[in-house]
Amino acid sequence: MLVNLPPAVLDRLMGRPPVTPEGAQLKVNMVLSRLPRLKDASVDPREAFSGTFHINESRDQLDRAYAQAVSGEVPDLPPAEVYCHSLTDPSILGPGLKAETMTLFGLHMPARLFPKYRDEALAATLRSINSVLAEPLEDCLLTAPDGRPCIEAKTPHDLETEAGLPGGHIFHRDLTWPYGEAGAWGVETEHPRILLCGAGAQRGGGVSGIPGHNAAMAILTGPS
């Protein structure tokens, strides 16, 4: 049996006490009237945002943000990652809409900070991306017919409530060393006929499809 579920959900179905992970990101979805200009004017924004755009992720910045989050504070300058999906697939916008979609992940934002610091976390995450822009990102937001900016923030609690992710963890569980204490393919469970094919597999991979591939290979090759 292939199980595309977070391990905590599988534990519950198997009658075991689930170990619920803690999500640690603020997901910010936006629709922009145009891409923002970068401080480095030599870089084309369409090229910069066409892949994964990493912000304030030096070793020292990661350490500082982690220390602040562990102490119960919103990081002053959260590490962040940006994706502009419409640059890769314009069809997601629908016909006639001239805009860009952008998703911004504010990192080191553990669930324990919410809902108390929701507004502060969003402000800090926008401050982080603005630190590398030549203009405030807020100036590029498209507005809805009622005048509200096209931006929404999803905390780990929101993802747990709305998407069923235990603890709001986007990777289904805390990341681990991919080859430590795993079976031949990293998808095995304690039950020989149950294999994990989702992101919570020992050798996960987010949305890469690696667990699905490995689960299929585990079936095709049989027991090691």
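# Helix α7, the cores and the odd backbone spots

Me: Which strands are included in what covers the buried residues of α7?
Reply: This is a predicted model. The residues to be covered are P211, N214, A215 and A218, which are the buried ones of α7. Their cover includes two strands, β1 (2–3) and β7 (195–196).

Me: How are the buried residues of α7 arranged, seen down its axis?
Reply: The buried residues are P211, N214, A215 and A218. Seen down the axis of α7, they fall within an arc of 100°. So they line one face of the helix.

Me: What span should α7 have, and how far apart are its end C-alpha atoms?
Reply: Helix α7 runs over residues 210–221, twelve in number. At 1.5 Å a residue, it should span 16 Å. The model agrees, because the end C-alpha atoms are apart by 16 Å.

Me: Which residue just after α7 takes a positive phi?
Reply: Look just past the end of α7, where phi is about 80°. The residue with this positive value is G222.

Me: How many helices and strands does the protein have, and in what pattern?
Reply: There are seven helices and seven strands. Read along the sequence, the pattern is β-α-β-α-β-α-β-α-β-α-β-α-β-α.

Me: Which residues have the most contacts inside the largest nonpolar core?
Reply: This core has 29 residues. β2 (25–32), β3 (53–55), β4 (80–83), β5 (100–107) and α5 each supply at least two of them. Those with the most contacts inside the core are F49 and M102.

Me: What does F49 touch, leaving out residues up to four places away in sequence?
Reply: F49 belongs to the largest nonpolar core. With sequence neighbours up to four places away left out, F49 touches L35, P36, L38, V82, C84, L87, M102 and L133.

Me: How many residues does the other core have?
Reply: Another core lies apart from the largest one. Among its members are V3, V187, L195 and A201. Its residues number nine.

Me: Is T125 buried or exposed?
Reply: T125 sits in helix α5 (residues 118–130). Not counting residues up to four places away in sequence, T125 touches L26, V28, P78, L104, G106 and M109. Its relative accessible area is 0%, which makes T125 buried.

Me: How far from the sulfur of C140 is the nearest cysteine sulfur?
Reply: The structure holds zero disulfides. C140 is buried, with a relative accessible area of 0%. A disulfide would need sulfur atoms within 2.5 Å. The nearest cysteine sulfur to C140 is that of C84, and its distance is 11 Å.

Me: Which residues does the cis peptide bond with omega of about 5° join?
Reply: Most peptide bonds are trans. This one is cis, with omega about 5°. P115 lies in the loop between β5 and α5. The residues joined by the bond are F114 and P115.

Me: Is H172 buried or exposed?
Reply: H172 has a positive phi near 75° and is not a glycine. H172 is found in the loop between α6 (156–163) and β7. The cut-off for buried is under 20% relative accessible area. At 13%, H172 is therefore buried.

Me: What is the relative accessible area of H108?
Reply: H108 is in the loop between β5 and α5. Although not a glycine, H108 has a positive phi of about 55°. H108 is partly exposed, with a relative accessible area of 23%.

Definitions and conventions:
Residues numbered from 1 in each chain as written. Predicted model: local features only at pLDDT ≥ 70, side-chain atom pairs only at ≥ 80, totals over all residues. Heavy atoms only, no water. Helix = DSSP H or I, 4+ residues; strand = E, 2+ residues; numbered from the N terminus. Expected span 1.5 Å × (residues − 1). Buried < 20%, exposed > 50% of the residue type's maximum accessible area, 1.4 Å probe, protein only. Arc of directions from axis to C-beta. Contact = heavy atoms within 4.5 Å. Core = buried A, V, L, I, M, F, W, Y, C linked by side-chain atoms within 4.5 Å.
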